[in-house]
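Me: I should like to go through this model with you, beginning with the contacts between chains and ending with the sheets. Please reason briefly and close each reply on the value or name requested.

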Amino acid sequence: MQGQNQQQAYDRGITIFSPDGRLYQVEYAREAVKRGSASVGIRTPEGVVLVAERRSRSPLMERDSVEKLHKIDDHVGIASAGHVADARQLIDVARRQAQVNQLRYDETIGVETLTKAVTDHIQQYTQTGGARPFGVALLVGGIDDGEPRLFETDPSGTPYEWKAIAIGGNREEIQGHLEDEYSDELTLQGGIDLAIEAMAVGEEDGFPPEGLAISTVETESGEYRTLELDEIENRLAELDLLTEGDDE
Amino acid sequence: MQGQNQQQAYDRGITIFSPDGRLYQVEYAREAVKRGSASVGIRTPEGVVLVAERRSRSPLMERDSVEKLHKIDDHVGIASAGHVADARQLIDVARRQAQVNQLRYDETIGVETLTKAVTDHIQQYTQTGGARPFGVALLVGGIDDGEPRLFETDPSGTPYEWKAIAIGGNREEIQGHLEDEYSDELTLQGGIDLAIEAMAVGEEDGFPPEGLAISTVETESGEYRTLELDEIENRLAELDLLTEGDDE
Amino acid sequence: MQGQNQQQAYDRGITIFSPDGRLYQVEYAREAVKRGSASVGIRTPEGVVLVAERRSRSPLMERDSVEKLHKIDDHVGIASAGHVADARQLIDVARRQAQVNQLRYDETIGVETLTKAVTDHIQQYTQTGGARPFGVALLVGGIDDGEPRLFETDPSGTPYEWKAIAIGGNREEIQGHLEDEYSDELTLQGGIDLAIEAMAVGEEDGFPPEGLAISTVETESGEYRTLELDEIENRLAELDLLTEGDDE
Amino acid sequence: MQGQNQQQAYDRGITIFSPDGRLYQVEYAREAVKRGSASVGIRTPEGVVLVAERRSRSPLMERDSVEKLHKIDDHVGIASAGHVADARQLIDVARRQAQVNQLRYDETIGVETLTKAVTDHIQQYTQTGGARPFGVALLVGGIDDGEPRLFETDPSGTPYEWKAIAIGGNREEIQGHLEDEYSDELTLQGGIDLAIEAMAVGEEDGFPPEGLAISTVETESGEYRTLELDEIENRLAELDLLTEGDDE
Amino acid sequence: MQGQNQQQAYDRGITIFSPDGRLYQVEYAREAVKRGSASVGIRTPEGVVLVAERRSRSPLMERDSVEKLHKIDDHVGIASAGHVADARQLIDVARRQAQVNQLRYDETIGVETLTKAVTDHIQQYTQTGGARPFGVALLVGGIDDGEPRLFETDPSGTPYEWKAIAIGGNREEIQGHLEDEYSDELTLQGGIDLAIEAMAVGEEDGFPPEGLAISTVETESGEYRTLELDEIENRLAELDLLTEGDDE
Amino acid sequence: MQGQNQQQAYDRGITIFSPDGRLYQVEYAREAVKRGSASVGIRTPEGVVLVAERRSRSPLMERDSVEKLHKIDDHVGIASAGHVADARQLIDVARRQAQVNQLRYDETIGVETLTKAVTDHIQQYTQTGGARPFGVALLVGGIDDGEPRLFETDPSGTPYEWKAIAIGGNREEIQGHLEDEYSDELTLQGGIDLAIEAMAVGEEDGFPPEGLAISTVETESGEYRTLELDEIENRLAELDLLTEGDDE
Amino acid sequence: MQGQNQQQAYDRGITIFSPDGRLYQVEYAREAVKRGSASVGIRTPEGVVLVAERRSRSPLMERDSVEKLHKIDDHVGIASAGHVADARQLIDVARRQAQVNQLRYDETIGVETLTKAVTDHIQQYTQTGGARPFGVALLVGGIDDGEPRLFETDPSGTPYEWKAIAIGGNREEIQGHLEDEYSDELTLQGGIDLAIEAMAVGEEDGFPPEGLAISTVETESGEYRTLELDEIENRLAELDLLTEGDDE
C-alpha cells in the first residue's frame with residue numbers, strides 16, 4: 001500500500017517524472033489502448049494486411065461506422081486500437097501530412113516519414129502540460145518504393161517497425177500466435193488468413209463477416225484496398241471461423 | 001471504499017487517465033446525458049425519423065421552447081439529449097459547418113461529414129485542459145445522395161451510425177424495444193409509430209401532443225419537416241398513447 | 001455526511017462533472033438567483049408585463065437605482081433576479097447584440113434571437129475554466145412581428161419560453177399563484193394586476209409604490225414603457241396592497 | 001465549527017460560488033472596506049457634499065497625502081473607503097472614462113454613466129480568475145444637467161444611488177445618524193454640518209481640521225471645490241467638534 | 001493555534017482576501033522591508049535629505065555597491081529599504097517615467113507624479129495573480145517648482161507624503177527619534193545631522209563613513225547631490241558617531 | 001521516512017528547488033535515462049565511435065526501427081539513451097540547427113556549437129513551468145576541423161566532453177570497463193572493439209548482430225558511416241560475443 | 001518541528017513571501033550554488049583574476065569542458081558556481097548584452113552596466129510565476145576605462161562589487177583566507193597565487209593543473225586572457241600545491 005501511495009503521488013499529470021523515472025500518465029494511456037478491441041498488421045512480400053475487430057453495442061448499430069481502418073493516401077492505411085475519438089485526431093494529422101507532402105514535394109509521402117510525423121505529434125502531448133496523452137495505438141501500413149512497410153505508434157510517441165503485430169485488447173495472446181506462425185514467405189492471402197486466425201485466439205465462436213474490417217496494400221499495385229463483406233465471409237468460412245452476424 | 005477513493009483520485013479533470021485507462025470526466029458527462037429526457041432516431045428506406053420528449057416544468061411554460069430537435073440544413077436535422085445549453089453550442093458548430101461547406105464547395109454537406117466535424121469538436125474538449133466535456137449526445141439524421149443516414153455522437157467525440165437508436169433517460173428500455181420491433185422495411189409512418197411506442201416504454205400514461213417533438217427527413221424529397229401538433233395528436237390517438245395536455 | 005463529502009469533491013470548479021453528471025457550480029449559481037428579490041413576467045395578447053421588487057437597504061437609498069428592469073431596445077425589455085452586477089454584464093451583451101443586429105441587417109432584433117445570443121454567452125461561462133457562471137436569471141419580454149414573447153434565461157445558459165413566470169426569491173410560491181390564476185385572455189391591465197398579486201404572495205404588508213418597478217411592451221405599439229410611480233400607486237391601492245413608502 | 005469548515009471550502013477564489021450561492025471573496029473585500037476610515041456623501045438641493053476622515057500614522061505625515069477625495073472632472077468628485085491603492089486604480093479608470101467621453105462626444109460625462117463605467121470594471125474582477133476583487137467602496141458625487149447626484153459602488157460592482165450614505169469603518173453608526181437627521185431641504189452648509197456630525201459619532205474627541213477632507217459640487221456652479229483648512233476649522237469649531245491637530 | 005491555522009489558509013497567494021479583509025502577502029512583503037537596513041528621509045525648507053545605512057558582509061566588499069540611494073533625475077532621488085533586487089526594478093520604472101515625461105511634455109517630472117507612477121506599478125503586483133508583491137519600500141525626495149517634497153511608497157502601492165520618515169529595520173525607534181526632534185525650521189545641515197542621529201538610535205557604536213550613504217536635493221539649486229566620504233566623516237565626527245571603517 | 005516525506009514535498013514540479021538546492025524532477029529524468037538500454041561513445045585519433053544496444057520486444061519487431069543512432073549531418077552523429085520519443089525531439093532540434101548553420105554561414109556546424117544548441121534547449125525545459133524535462137541523454141560525436149570530438153548532454157542541459165563514455169542502463173559497469181581499458185592511441189577498429197566489449201559487461205551471452213548499432217565518424221574522411229550487419233557480425237565473432245539473432 | 005512545518009508552507013513557489021518576509025525558493029537556489037565547486041575573483045591594481053575549480057566525474061572526461069570561466073567580451077570575463085546549465089543561460093544574456101551595446105552605442109559595455117543587465121534578468125525569475133530562480137552565482141570581472149572591476153551576482157538578482165570574493169562550495173573558508181591575506185597592493189601574479197592558495201583551503205592534496213581554470217583581465221592591455229596549462233602547473237608547483245592529474 002505504501003508502494004501504491006507513492007505511485008499515486010506521481011501519476012496525476014504528464015509533466016512529472018516519478019522517482020524511478022517513469023511517466024505514469026503515458027502508461028495509463030497504454031491501458032486505454034488495451035481497453036479497445038484488437039487490431040493486427042502483417043507484412044508479407046506481396047503486401048501489407050491490416051485487420052481490425054469491430055464490436056457492436058447493439059444489432060441496430062452499423063458496424064461499418066466503428067472506424068478502425070482508415071485510408072490515409074492511395075498507398076497507406078492505418079489501423080487503430082484504443083480511444084476511438086483520439087484515433088480520429090491522429091488520422092487527421094496523418095492525412096494532412098500526406099497532402100502537404102504531395103503539394104510541397106509533388107510526391108507521395110514515405111510510410112516511415114508519415115509515421116514519424118504522427119509520433120512527433122503524439123510526443124508533444126506527453127511533455128507539455130494542459131493536455132493528456134493520446135489513448136490510442138496505430139498500425140501504419142503501406143508501400144514505399146515497392147517495399148511493404150508496417151509501423152506501430154504507441155502513446156509515448158515512439159515508432160517501431162514490425163513484420164507482424166497486434167495492438168489493443170488481448171494483445172499478448174494474439175502476438176504469441178503471430179510469433180508462432182509468421183513466416184517471411186507468406187502470400188498476401190496467407191497474411192490475411194494468419195491475421196484472422198490470430199484475432200480468433202480467445203474468441204471462442206469466431207466472427208460474423210461484419211465483425212472484422214480488413215484492408216490490404218499490395219506491393220505490386222501499391223493500392224490501398226478494403227475487402228468486401230463477401231470476401232471476408234469466404235475467408236472466415238474457409239477458416240471455419242464464421243459465426244452468424246447480427247443483421248439477419 | 002478503497003475502490004471509491006481510488007476513483008476519486010483520477011476523476012477531477014479531463015487531462016488525466018485513471019490507472020486502468022479510463023477518462024472519468026467523459027464517463028460523468030455520459031451521466032449528464034442520462035439525466036436528460038430521451039430522444040429516438042429511426043432510419044427507414046423512406047426517410048429518417050427523429051422524436052424527442054419535451055418535459056415541462058410548469059403548465060405555463062411553452063413546450064415548444066424546450067428545443068430538442070434542430071434543423072441544421074434543408075436535408076439534415078439533429079435531436080439532442082442531456083445538457084440543453086451544451087447542445088445549443090454543438091448545433092451552432094453544425095450549422096456553421098453546413099454553411100461553410102455550401103459556400104466553399106457549392107454543395108450541401110454530407111451527413112457523415114457533418115457528424116464528424118461535430119465529433120472532432122467534441123473530442124478537443126476531452127483532451128485539452130481548461131474546459132469540461134460536452135454533457136450531451138446528438139442524433140444526426142438526414143439524406144446523403146438519396147440515402148437516409150442516422151448518426152450518434154457521444155461525449156467522448158466518437159461517431160456511430162445506427163438503424164435505430166435511443167439516447168438520454170431510460171435509454172436502455174427504449175433501445176430494447178427498438179431492437180425487438182425494428183424492421184428494415186418500415187415505412188416512414190411505421191418509423192414514426194415505432195419511435196413513439198418505444199418512447200412510451202416506462203411512461204405509463206402516454207404523452208400529450210405537445211409532449212413530443214417529431215421531425216422527418218424524407219428520402220425522396222430530401223427535406224427536413226417538423227410534424228404539426230395535430231399530426232402528432234393523431235398518431236398518439238391511433239396508438240392509444242394520447243393523454244391530456246397542459247394547455248387546455 | 002458521506003454524501004456531503006462526495007458533493008464537495010466535485011463542486012469547486014465549473015470544469016468538472018460530478019459522478020452523477022451534475023455541474024454543481026451552475027446549481028450554486030441558481031442559489032445566487034434565489035438570494036435576489038423576485039421578478040415576474042406575464043404574457044397577454046395585449047402585451048408583455050415585467051414586474052420586479054425593489055428592496056431598499058435604507059430609507060436614504062434611491063430605490064430607482066436598484067436596477068431590475070432594463071430597456072434593451074424600443075421593443076424589448078429585461079427583468080433580472082440574482083447578482084445585480086452580473087445582470088448588468090448580460091444587459092450590456094443584450095444591448096450590443098440589438099445594436100449590431102440593427103446595423104448589420106437594418107432591422108430590429110427578434111426577441112428569441114436576442115435571448116439566445118444571451119444564453120450562448122452564459123453557457124460559455126459554464127464550460128471554459130478561469131471564470132464562474134453568471135449568478136443571475138433574466139426575463140426577456142418584447143414584441144416580435146406583432147407577437148408578444150416572454151423568455152427566461154437561467155445560469156446554465158438554457159432559454160425557455162413562458163406564458164407567465166417568476167424568478168428569484170420566493171419563486172415557488174409566486175409561480176404557484178401564477179399557475180392558479182393565469183388565463184390566456186388577460187388584458188394588459190389584468191396582467192399587471194396578476195403580476196402584482198403574485199409578487200404579494202408571502203409579503204404580508206403589500207408594497208410601497210417605489211417598492212415595485214413595472215414595465216410593459218404593448219403588442220399594438222410595440223413600445224417598451226415604464227409605469228410612473230402614481231400609476232403603480234393606483235394599482236396597488238386598487239388591489240389593496242399599498243403600504244406606506246420610505247420617502248415620506 | 002462545521003459551518004466554518006464549509007465556508008472555508010468555498011472562499012479561496014473568486015471564481016466559485018458557495019453551495020448557498022455566495023461569493024465569499026467579494027464579501028471579504030467588503031471587510032477590507034470596513035477596515036478603512038469612513039467617508040460620507042450627502043445630496044442636498046444646493047449640491048453634493050463629500051467628507052472623508054484622514055487618519056495619520058505619525059505627526060510627521062502630511063495628512064493631505066492620505067488621498068480619500070478625488071476630483072474626477074470639473075463637475076464630479078469621488079470619495080473612497082478601504083484599500084487606498086485599489087482606490088487609486090478605480091480613480092484612474094474614472095478619469096480616463098471622463099476624458100474619453102469629453103473627446104468622443106464633446107460633452108461632460110454624466111454622473112450615472114461614470115459610476116456604471118466604474119462598476120462594470122469592478123464586476124470583471126469578481127468573475128474572471130487570476131485576480132482579486134477591489135477592496136474599496138466609492139462615493140461618486142456630482143451635477144448632471146443641473147441635478148445633484150450621489151452614487152455608491154461596492155466590491156461586487158453594483159451601483160446604488162443615495163440621498164446620504166456612509167462607507168468604511170463605523171459605517172452602521174454613521175448611517176444611523178444620517179437616517180435620523182437627513183432632510184430633503186438641507187442647504188449645502190447644512191449638508192456639510194450633518195456629514196461632520198455623523199462622522200463624529202463614536203469619535204469622542206472630534207477632529208483636528210486636517211483630520212477631515214471636505215469637497216462639494218454645487219448645483220448652481222456645477223463646480224467641484226475642496227474646502228480650505230480654515231473653512232473646516234470654522235465648521236468644526238461651530239459644531240464644537242474641534243480638537244487640536246498634529247501640526248502645531 | 002486555531003487563529004494561526006486560519007491565517008495560513010489565506011496567506012498563500014496575493015489574489016485572495018482573508019475573511020477579515022486582509023491581504024497577507026502584502027503584509028509579509030512589509031516584513032521583507034523590515035529585514036533590510038534602514039533609510040531615512042527628512043524634508044527641510046532648504047531641501048530634502050536622504051540617508052541610508054550600508055551594511056557590509058565582508059571587509060572585502062565595496063560598500064558603494066550596496067545601492068540604497070539612486071539618482072532618478074537631476075531633481076529627484078530615491079532611497080530604498082528591503083529586497084535590493086526588487087528596488088532596482090522600481091528604480092528602473094521611476095527613471096523610465098522621468099525620461100518619458102521629459103520627452104513627451106518637455107518638462108521635468110513632478111515628484112508626486114513620479115511617486116504615483118511607481119505606486120500604480122506596485123499595486124498591480126498586489127491584485128493580479130502570477131507574481132508576488134514588491135518586497136521593498138521607497139523614499140522619493142526632490143524639488144517641485146521650488147518646493148521640497150518627500151514621499152514614501154509601501155508594498156501595497158500606497159503613496160504618503162512626509163516631513164520626515166524612516167523605513168526598513170529598526171523603523172519604529174528611528175521614527176520615534178524623528179518625531180521627538182524634527183522641527184519645521186531645520187537647515188539642510190540640521191536635517192543631515194538629525195537623520196544621522198536618528199539612524200544611530202540602537203546602533204551603539206555609530207558608523208564608519210562608508211557605512212552611510214547621504215544625498216540631498218537642495219531647494220535653491222534643485223540639484224541631486226551625493227555627499228563625499230570625507231563630508232560624511234566630518235559629520236559623523238562632529239556628532240561623535242564615527243567608528244573605524246573596514247577599509248583601513 | 002521523515003526524509004522521504006520531505007523529498008516528496010519538493011519533487012512534483014520542475015520550478016521548485018528543494019531546501020538543499022536540488023531539482024528532483026531533473027534527477028528523476030536521469031532515472032528515465034537509466035531505464036533505457038546503454039549507448040557508448042569512444043574518441044580515438046582515427047575517429048569517433050558510437051555504439052548502441054537495440055533490444056527487441058518480439059522476434060517480429062524490426063530492430064532497425066529501434067532508433068538509437070542518428071546521423072545529424074555528414075560529419076556528426078548522435079547516440080541516445082532513455083525515453084526514445086524525447087530523443088527524437090532533440091534529434092530534430094540538432095538537425096534543424098545544423099541546417100540553419102549551413103544556410104546562414106555557409107559552413108558545417110561545429111560539434112561543440114551543435115551540442116550547446118541542444119543543451120540550451122534542454123535547460124529551458126528545466127526552468128520554465130508547464131512541461132517536464134527531457135528524459136534522455138545524448139552522445140554527440142563528430143569531426144571539427146579534422147579533430148574528433150565527443151560530447152554528452154544530460155537532462156539538466158549541461159554539456160561535457162569525453163574521451164569515452166557510457167550512458168543509459170548499466171552505465172556504471174560499462175564506464176568502469178572503459179576507464180580500465182581506454183588508451184589515447186586506440187585505432188578506430190580498436191575503439192569499436194572496446195565499445196563492444198564494454199557493452200558486453202554484464203550481458204552474459206553477448207549480442208546477436210542486429211542487437212547492436214554501430215556508427216563511426218572517421219577523422220580523415222570526416223564522414224558519418226553506419227556499419228553493415230555483417231561487419232558487426234564479424235566483430236562480434238572475433239570478440240567471441242556473437243549470439244544467435246532473432247531473425248533466423 | 002512546528003517551525004519546520006511552517007517553513008514548508010511557504011517555500012513551494014517563488015511568488016509567495018513567508019510570514020517573516022523571506023523568499024524561500026531564492027534561499028534554496030543559494031543552496032544550489034553551494035553544491036557547485038568554488039570560484040574565486042580577486043581585483044588587483046594590475047588587473048582582475050578569476051579562478052575556478054574543475055572537478056571531473058571520470059578520468060575520461062575532458063576537464064576543459066567543465067565550463068566555469070567564460071569570455072564575455074575582449075575586456076570582461078565571468079566565473080560561475082552552481083547549476084552549470086543555468087550559468088550558460090546567463091552567460092548568453094551577458095554576451096548578447098555586450099554585443100547590443102557595441103552595436104547600439106559603438107562602444108564596449110561597462111562592467112557594472114553588464115552586471116546589472118544580468119541581475120535584472122535574474123530578478124524577474126524571482127518575482128513572476130511559472131519558473132524557478134537561477135541556481136547560480138557569477139563573478140563578473142573586467143576593465144572599465146582603465147579601472148579593474150569585480151562584481152558578484154546572486155540568485156536574488158542583487159549586484160555587489162568586491163575586492164576579492166569566493167562563491168560556491170566551501171565558500172566561507174575560502175573567503176576567510178581572502179580576508180586574512182588580501183592586500184590592496186597585490187600584483188596580478190600575487191592575485192593569482194592568493195586565489196590558488198585560497199581555493200586550496202580544505203583541499204588537502206592541492207590540484208592537478210587541469211583541476212583549475214584561471215583567467216585574467218589585465219588593467220593595461222584590457223584584454224581577457226586564459227592561462228595555459230603549463231602556466232597553471234608552474235604556479236601550483238611554486239605554491240607546493242601540485243598533485244598528479246588524471247591525464248597521465
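Me: How many bridges join strand 3 of chain D to strand 8 of chain E?

Reply: The model is a predicted one. Strand 3 of chain D covers residues 61–62 and runs antiparallel to strand 8 of chain E. The number of bridges that join these strands is two.

Me: Which residue is the bridge partner of D:Met61 in strand 8 of chain E?

Reply: Strand 8 of chain E spans 159–162 and is among the elements that give two or more residues to the side touching chain D. Within that strand, the bridge partner of D:Met61 is E:Trp162.

Me: What area is buried between chain E and chain D?

Reply: In this interface, 40 residues of chain E are in contact with 35 residues of chain D. The size of an interface is often given as the accessible area lost when the parts come together. Carbon and sulfur atoms give 51% of the area buried between chain E and chain D, which is about 3100 Å².

Me: Which three residues of chain E supply more of the area buried against chain D than any other three?

Reply: The total for chain E and chain D is about 3100 Å². Of the part that chain E buries, 22% comes from three residues: E:Phe17, E:Gln127 and E:Lys163.

Me: How far apart are N and O in the salt bridge of D:Arg88 and E:Asp120?

Reply: Five salt bridges are found across the interface of chain E and chain D. A pair qualifies if the side-chain nitrogen lies within 4 Å of the carboxyl oxygen. The side chains of D:Arg88 and E:Asp120 meet in such a bridge, with an N to O distance of 3.4 Å.

Me: Which element of chain E gives the largest share of the side that touches chain D?

Reply: Between chain E and chain D, 15 residue pairs are in polar contact. Helix 1 (2–10), helix 4 (111–127), strand 8 and helix 5 (171–181) of chain E each give two or more residues to this side. The largest share, eight residues, comes from helix 4 of chain E.

Me: Which residues of chain F lose the most area to chain A?

Reply: Here 35 residues of chain F are in contact with 40 residues of chain A. The two chains bury about 3100 Å² between them, 51% of it on carbon and sulfur atoms. Together giving 23% of what the chain F side buries, the residues that lose the most area are F:Arg57, F:Leu60 and F:Arg132.

Me: Which residue of chain A meets the side chain of F:Glu62 in a salt bridge?

Reply: Chain F and chain A have five salt bridges between them. F:Glu62 also has a backbone role, being the bridge partner of A:Glu161 in strand 3 of chain F. For its side chain, the salt-bridge partner at 2.8 Å, N to O, is A:Arg43.Me: Where in chain D does the partner of C:Arg57 lie?

Reply: C:Arg57 forms a salt bridge with D:Glu152, the closest N and O atoms being 3.5 Å apart. The pair crosses between chains, and C:Arg57 belongs to the loop between strand 2 (47–53) and strand 3 (61–62) of chain C. D:Glu152 lies in strand 7 of chain D, residues 147–153.

Me: Why is one side of strand 9 and of strand 11 of chain B left without a neighbour in the sheet?

Reply: An open sheet of five strands in chain B has the order 9-1-2-10-11, with antiparallel pairing. Strand 9 (164–167) and strand 11 (224–226) stand at its edges, so one side of each has no neighbour in the sheet. The reason is that each has a single partner strand.

Me: Which residue of strand 11 of chain B is the bridge partner of B:Thr216?

Reply: Strand 10 of chain B, residues 212–218, pairs with strand 11 in the antiparallel sense over three bridges. In strand 11, the bridge partner of B:Thr216 is B:Arg225.

Me: What angle does helix 6 of chain A make with strand 2 of chain A?

Reply: Chain A has an open sheet of five strands in the order 9-1-2-10-11. Strand 1 (residues 39–44) and strand 2 (residues 47–53) of chain A pair over six bridges, and A:Val40 stands opposite A:Val51. Helix 6 (residues 188–199) lies across strand 1, strand 2 and strand 10 of chain A, and its angle to strand 2 is about 25 degrees.

Notes
Residues numbered from 1 in each chain as written. Chains lettered and ligands numbered in written order. Predicted model: local features only at pLDDT ≥ 70, side-chain atom pairs only at ≥ 80, totals over all residues. Heavy atoms only, no water. Contact = heavy atoms within 4.5 Å. Buried area = accessible area lost by both parts, 1.4 Å probe. Pairing = 2+ DSSP bridges. Helix = DSSP H or I, 4+ residues; strand = E, 2+ residues; numbered from the N terminus. Polar contact = N/O pair within 3.5 Å; in protein donor to acceptor, adjacent residues only side chain to side chain. Axes fitted to C-alpha atoms, helices over the stretch in contact; angles between N-to-C directions.
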